[in-house]
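Look at the structure below and turn it slowly. The text that follows takes one part of the chain and then moves out to the whole.

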Amino acid sequence: IGLMIYNYSDDAPKGNYSEMKKNGTMPEISAASSFRDGAMNFNTWLLFIQYACCFGVELTMNNAAALYFKEEFGQTTESAAAIASIFGWMNLFARGIGGFMSDWFNSKMGMRGRILIQTVCLLGEGALVLVFANTNQLGSSIIVLVCFSMFVQSAEGTSYGIVPYVNPPATGSIAGIVGAGGNSGAVCFGLGFRQLDYKDAFYIMGGCILGSAVLSLFIKIKGHSGLLFGIDEEPKDTKALQVPEPDEEE
């Protein structure tokens with residue numbers, strides 16, 4: 001599959017990077033410059049925190065959920081692991097739904113729509129963490145776990161619906177930094193579950209997620225509207241890259 005992608009796919013919707021650079025539609029930029037531009041962008045770090053509060057939560061739940069169901073509900077190791085795996089199975093469609101919703105809201109409201117659905121997913125995720133922590137019936141807890149997982153994965157999809165717009169020439173570096181937020185969040189939340197009882201750890205995690213949703217107010221991408229203010233500027237050139245035909249041999 002990797003060889004097929006490498007040989008037959010384009011690097012971007014407008015063509016291959018080599019062709020885009022050759023025809024002046026993509027500026028030459030060094031890896032160091034790309035990383036510097038990405039790291040110096042304030043929006044990158046806001047998304048870093050928000051991704052820590054969705055993908056970081058997913059990694060934490062993958063580690064903690066089985067033990068939680070075993071200790072809190074008296075399940076066998078096999079049963080607890082089977083229940084906990086439901087959280088991961090939501091990845092089959094929920095993350096894609098998040099990306100789809102980001103595109104749909106963008107078509108209706110521009111960048112404001114992308115940021116709005118990102119905020120909604122984070123708020124729903126944070127609220128469901130708190131509900132999950134206070135659910136004492138096994139059946140109800142599983143239902144809440146499914147809904148909670150859907151919001152977590154959807155928030156991951158909506159996060160990367162925003163990333164390519166932050167600074168297009170430095171998208172790779174920004175995507176890497178934001179992705180690292182997920183692992184950082186998992187380490188922090190994991191320490192909470194190691195040092196505290198489950199309810200306190202869930203409360204802290206839920207509070208962090210709800211707090212990260214508030215950060216959407218400060219996301220302001222150049223040329224695009226924010227959550228409350230601004231307007232989307234019309235792109236200067238919406239045409240797809242036209243690759244010139246090779247000169248005929250004389």
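In this predicted model, start with helix H11, whose buried residues pack against four other helices: H4 (42-52), H5 (55-73), H8 (111-133) and H10 (171-195). Which residues of H11 are buried? They are Tyr 198, Ala 201, Phe 202, Met 205, Gly 206, Ile 209, Ser 212 and Ala 213. Here, buried means that a residue has under 20% relative accessible area.

Why do these residues line one face of the helix? Viewed down the axis of H11, the buried residues fall within an arc of 130°, so they line one face. The background is a general one: an α-helix has 3.6 residues a turn, so residues three or four places apart point the same way. H11 itself covers residues 198-214, which is 17 residues. From its first C-alpha to its last it reaches 25 Å, close to the expected 24 Å.

Now step back to the whole chain. The chain contains 11 helices and zero strands. Its C-alpha atoms fill a box of roughly 80 × 45 × 35 Å along the principal axes. Of the 250 residues, 41% count as buried.

Contacts also show how the chain is put together. Among those between residues at least 6 apart in sequence, 77% join residues at least 24 apart.

Last comes the surface. The chain exposes about 14,100 Å², and carbon and sulfur atoms supply 62% of that area. As for charge, there are 15 positive and 23 negative charges in the chain, and their mean positions are 7 Å apart.

Terms used:
Residues numbered from 1 in each chain as written. Predicted model: local features only at pLDDT ≥ 70, side-chain atom pairs only at ≥ 80, totals over all residues. Heavy atoms only, no water. Helix = DSSP H or I, 4+ residues; strand = E, 2+ residues; numbered from the N terminus. Buried < 20%, exposed > 50% of the residue type's maximum accessible area, 1.4 Å probe, protein only. Contact = heavy atoms within 4.5 Å. Areas by Shrake-Rupley, 256 points an atom, 1.4 Å probe, with all protein chains shown as cover. Lys, Arg positive; Asp, Glu negative; His and termini not counted. Charge placed at Lys NZ, Arg CZ, Asp CG, Glu CD. Expected span 1.5 Å × (residues − 1). Arc of directions from axis to C-beta.
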